[in-house]
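Trainee: Could you take me through one part of this protein in detail? I would like to follow a helix pair and what lies around that pair.

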Amino acid sequence: LLAALPALPLELTVLYNSLLFTVGASDSAIKREAEGIREGLLRVLEACGACGQDLGTEELWQKVLQEVTVEELQAPLHRLGALQAAWWLAAGRLGSVAGLFQLLSTAEEPGRSHCSEGQNKLLSLIKAWRVPPEGASLPLVQSAKDLKEILCTTAAFLQGLQELEAGNFPTALSLLQEAAGGFCSKKILAQIYTCLGCCAQRMGKPQTALQHLKRALQIDFQCLPALSHAAAVYHELGETDVELQALTLLYEALGKNPPAAASSSPYFLMQTELLVHTPVLASLLRHHHPSEVKYLLAQRCLQDGRVAGAVEHYLDFLSLLQGGLQQQVPLDGSSAVPRIPEVFLEAASALGQSGRHQDAITVCEEVISRTTDLIPRVLRVEARLEQPECSSPGAELAGGLLSQKKESLCCLAWRAAGYLHQGWAWAKLGPEAPKLLCPPTHRCLNDLLRLQLHGSGVKPTENIPAEVEVLQKIRLLSLIGRGTQFLELGKHKEALLDFQHSLQISPGDPAATSYLVQALWKLNRKQEAAAQWQKLSQSSPEEDGQQQGQGRPLPLYLVSCLEQAMFPHSEPLARSIQDYLGTAAQDTSS
């Protein structure tokens, strides 16, 4: 049919209602352009004797609103403009929305400014838009007034998320608070309060963050990301008991079948849920898999020294591997679960600390057997493992080789750590244990001999890959561990060599130096022992702490080995050396 001015108000109202029915029936996020709106605008121009086929949608709206002055068309055009704004908000085209409402407001009141200094321009423009009156003869399936409220809430929410992602936290907080006071469902309101909690946490206000997150859960307990973020805030505050309670609740909630989601706004076809689907929101509201939460419970227990709980959770987690955990946990780096061999090694650490040494040996054997065939006979590593920046034809091949080399380094570190844990486990297994410690420790050190580090003037923790630094720490702990067992076996010379090699890897290491002093003392080289002890005692506690904590953070699966390598006989050895020095001083004076 040819476009006719008398029929256009009805035609545009039918278009408005049909688009809303289409949106409501799909019940999924709006992702495509509303082609029906463009066709409606072209029909309006056709009826007025104009043409706009070659114009883009924004230019088409500008032409229609500036050139069409028929009074009967203003209300249906404004309603259709609000619907267009919803589609553009869903596409993240906030500038287009601002421009459209500027046109709508200018058509009503030319020359008036609708944004005061310090106010958000987009929100001011939407709020300033005067909703056209509804005619009784042309009923609407959703009023333009309700649509305006939804647009305000959506605009504030989207801008708040943008500012949050950009790190402009005060502005983000203000916009999100504006959205929280707007027109939306309980589901969206809980999501907004979750985002407010994340914003407050990043601003360094954990207590405020907890208030927002608790509010989110009060509004909608199915908003489980709020519970997950609350656990993270409690972790930041060091409140481990409450953190573990939150994680336990989260794990239990994830294991239950959620109730069927009732329609949050049954009387509204266009809702905020359909307009907000940004990557930053998806990241903040990411649902953890139950296995991820189970791992977090195990990890937090191990970090806090709750060994019994850690063992229980690690064993539960390992049992989940039988259900195909790799398919359940995202592999894009967003998961809290590390590489599976590291989880096995953490489990072995927990088992060892709980006295289940044979079980720890068995778990480590699984890591060793799975990584053995993945390690080359010799692994050459440059001091810097960096991805090539150039886009030359050989860059992609070089990047692939580098990734393969890093993977080999990881496998080498995991297997060496497995041998290290086995060595410490055998050391705890009775009077024959010292004889049994050496084979796994030897294998650990032999593994590390495969590594050839190249690079001029490379310091222990400077410019070297993280994997190599871990390997050096494993070698240090292996040498100290083997040296202590040599001491128990009475092989003091062999022990001395291991402690000397330890200090070559980590000069000034307090544990290695203390054991070196003990070995020298047992070899009756008391003058050397006293000199080393005096040098060690002159170093400040701060320097010792820096020595222990230098470089990158130690992997969790090595922390227990580091603790076992600490020298336990400081006071008796110190008294013996002080007595020796006192006697030597008396002999010198006499």
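Mentor: Here is a walk from the whole chain down to one helix pair and a loop residue beside that pair. Please keep in mind that this is a predicted model. The protein has 27 helices and two strands, and buried residues make up 48% of its 590 residues. Among contacts with a separation of 6 or more, 69% join residues 24 or more positions apart.

Now to the pair itself. Helix H1 covers residues 8–26 and helix H4 residues 71–90; their axes come within 9 Å and cross at roughly 20°. Angles under 35 degrees count as roughly parallel, so H1 is roughly parallel to H4. The crossing of these two helices is left-handed. From H1, the contact draws on Leu8, Pro9, Leu12, Thr13, Leu15, Tyr16, Leu19, Leu20 and Val23. H4 answers with Glu72, Leu73, Pro76, Leu77, Arg79, Leu80, Leu83 and Trp87. By class, the residues of this contact divide into 14 nonpolar, one polar and two charged.

Next, look at Leu138, in the loop between helix H6 (121–128) and helix H7 (144–166). Leaving aside neighbours within four places in sequence, Leu138 is in contact with Pro9, Leu10 and Thr13. Pro9 and Thr13 also belong to the H1 side of the contact with H4. Leu138 and Thr13 are 125 residues apart in sequence, yet their C-alpha atoms are 7.0 Å apart in space. Leu138 counts as partly exposed because its relative accessibility is 21%, and buried would require under 20%.

Technical notes
Residues are numbered from 1 along each chain as its sequence is written. This is a predicted model: local features need pLDDT of at least 70, side-chain atom pairs count only at pLDDT 80 or more; totals for chains, interfaces and linings use all residues. Side-chain values use heavy atoms; hydrogens and water are left out. Helices (H or I, at least four residues) and strands (E, at least two) are DSSP runs, numbered from the N terminus. Buried means under 20% relative accessible area, exposed over 50%, partly exposed in between (1.4 Å probe, protein chains only). Contact means heavy atoms within 4.5 Å. Axes are lines fitted to C-alpha atoms, for helices over the stretch in contact, and angles run from 0 to 180 degrees between N-to-C directions. Angles under 35 degrees count as roughly parallel, over 145 as roughly antiparallel, 65 to 115 as roughly perpendicular and the rest as oblique. A crossing is left-handed if the near helix is turned anticlockwise from the far one by less than a right angle, and right-handed if clockwise. Ala, Val, Leu, Ile, Met, Phe, Trp, Tyr, Cys and Pro count as nonpolar, Asp, Glu, Lys and Arg as charged, and the others, Gly among them, as polar.
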